[in-house]
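Work through these short exercises with the structure open. Each task comes with a solution in steps.

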Amino acid sequence: MLLIRRLPSMASSLATTAFPGRGRPPCVHHTQAELVYLKSLSLYPKPGCLSLCSTSTSDSQTSSEFSDLIAEQSSKRSPLEPGLYLVATPIGNLEDITLRALRVLKSANVILSEDTRHSGKLLQYYNIKTPLLSYHKFNESQREQTVLKRLKQGEIVALISDAGTPGISDPGTELAKLCVDQNIPVVPIPGPSAFVAALSASGLATNEFTFVGFLPKHAGSRRERLTVSASEVKTQIFYVPPHKLCQFLEETSSLFGDSRFASVITSLLISLHHRRCVIAREITKMHEEFWRGTLGEAKQAFSTHQPKGEITLLVEGKAICVVETPSEDQLENELRELISCGHNLSTVATSLIWVIFRKYSNCSSCGEAVKMVAEGTSVRRKTVYSLALKKFGKQLEAGDDSDKC
């Protein structure tokens with residue numbers, strides 16, 4: 001209540017934020033930590049209004065006050081240990097920074113940044129004065145020894161990328177390896193990651209997935225990588241530059257099995273699987289968008305216009321073909337039906353193979369069943385042939401010259 005008296009203009013927002021759906025908050029006594037948390041809720045800028053381009057005076061003042069509050073609380077904690085800190089930063093919305101990330105960035109001796117101009121906006125917003133040092137894919141090999149020397153001297157080095165988690169399709173992996181090899185502490189400061197955010201809201205399977213990231217530029221290598229992904233049963237996740245989206249959809253639509261790439265005859269014989277995809281664009285930003293449909297539909301939808309912003313594209317995994325193995329009694333019944341139609345011993349086994357897959361397979365794609373028959377016919381045919389000879393040998397011999405149905 002003391003907090004509300006000190007900040008009367010924020011009383012109503014505190015009531016709805018701290019006690020959603022309850023109207024007036026009950027009279028309770030808060031601990032000092034709770035009061036600090038409630039204060040941070042009101043001082044923090046409104047959701048959805050921030051991006052890395054925010055420069056308004058009111059936002060800057062608010063973030064400065066909030067940053068000072070964090071610094072005050074951090075001063076009560078133990079100092080950070082020397083080492084390399086991999087700090088995840090917002091992928092668009094500045095509210096996604098964590099309290100721990102702010103503390104590390106303020107406490108570090110130097111911040112390694114992929115683009116100092118881009119990262120400077122984030123640091124300015126939160127009134128962080130730590131020096132920046134460029135560290136990107138074009139100079140990381142030259143910077144490594146300089147950074148290692150500072151780390152060995154006991155400095156705190158924070159590494160950030162333009163957005164998201166360092167080392168995930170961004171610089172940082174090689175430096176982390178070097179530090180591990182030389183027993184220098186490597187400390188992850190978790191936070192935003194575009195592919196994790198996209199996967200969580202995609203509606204596709206999340207129990208298993210493959211993060212591919214950016215595809216190779218070389219056409220042959222790119223096709224080879226996509227061919228591997230096309231056969232995976234796990235959700236596949238890609239980072240796709242907006243100007244390469246049409247190329248990506250063109251290549252994946254054929255490799256992942258879009259029906260429009262099959263001939264008319266093939267379409268009649270094989271029902272190709274329509275692979276679903278999700279195109280997540282501008283995640284956490286004002287124009288965030290999740291487009292959902294098949295790869296073929298996506299190709300058509302984006303053929304006439306190129307979307308803007310960062311794109312994370314997810315494709316569902318290949319459907320698993322499950323085949324139920326029939327019992328000997330079931331096989332015997334099927335054989336009896338075939339023999340009653342007049343099939344001889346040389347054809348009954350092959351005929352039964354197709355009956356088995358037609359009746360007992362649970363394949364999402366007829367093409368998968370056809371493939372499995374083609375690959376496994378020789379072994380299965382011997383089993384069926386032996387059973388037919390054992391159960392119906394005399395009947396089959398007698399019916400060799402009879403009419404076939």
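**Exercise 1.** Find how many disulfides the whole structure has.

*Solution.* The model is a predicted one. A disulfide needs two cysteine sulfur atoms within 2.5 Å. A search of the whole structure for such pairs returns 0 disulfides.

**Exercise 2.** Decide for Cys179 and for Cys246: buried, partly exposed or exposed?

*Solution.* Start with the cut-offs: buried means under 20% relative accessible area, and exposed means over 50%. Take Cys179 next. Its relative accessibility is 0%, so Cys179 is buried. Now take Cys246. Its relative accessible area is 40%, so Cys246 is partly exposed.

**Exercise 3.** Describe the protein chain as a whole: its secondary structure, its burial, its surface and its contacts.

*Solution.* Begin with secondary structure: the chain has 16 helices and 12 strands. Then burial: of the 405 residues, 41% are buried. Then surface: about 22,600 Å² is exposed, and carbon and sulfur atoms supply 54% of that area. Last, contacts: take those with a separation of 6 or more, and 73% of them join residues 24 or more positions apart.

**Exercise 4.** State the mean pLDDT of the protein chain, then examine residues 1–31 and residues 258–273.

*Solution.* The mean pLDDT is 75, and 58% of the residues reach 70 or more. Residues 1–31 have a pLDDT below 50; in the model this stretch makes 22 contacts beyond near neighbours in sequence. Residues 258–273 also have a pLDDT below 50, and that stretch has 25 contacts beyond near neighbours in sequence.

Notes
Residues numbered from 1 in each chain as written. Predicted model: local features only at pLDDT ≥ 70, side-chain atom pairs only at ≥ 80, totals over all residues. Heavy atoms only, no water. Helix = DSSP H or I, 4+ residues; strand = E, 2+ residues; numbered from the N terminus. Buried < 20%, exposed > 50% of the residue type's maximum accessible area, 1.4 Å probe, protein only. Contact = heavy atoms within 4.5 Å. Areas by Shrake-Rupley, 256 points an atom, 1.4 Å probe, with all protein chains shown as cover. pLDDT = per-residue confidence, 0-100.
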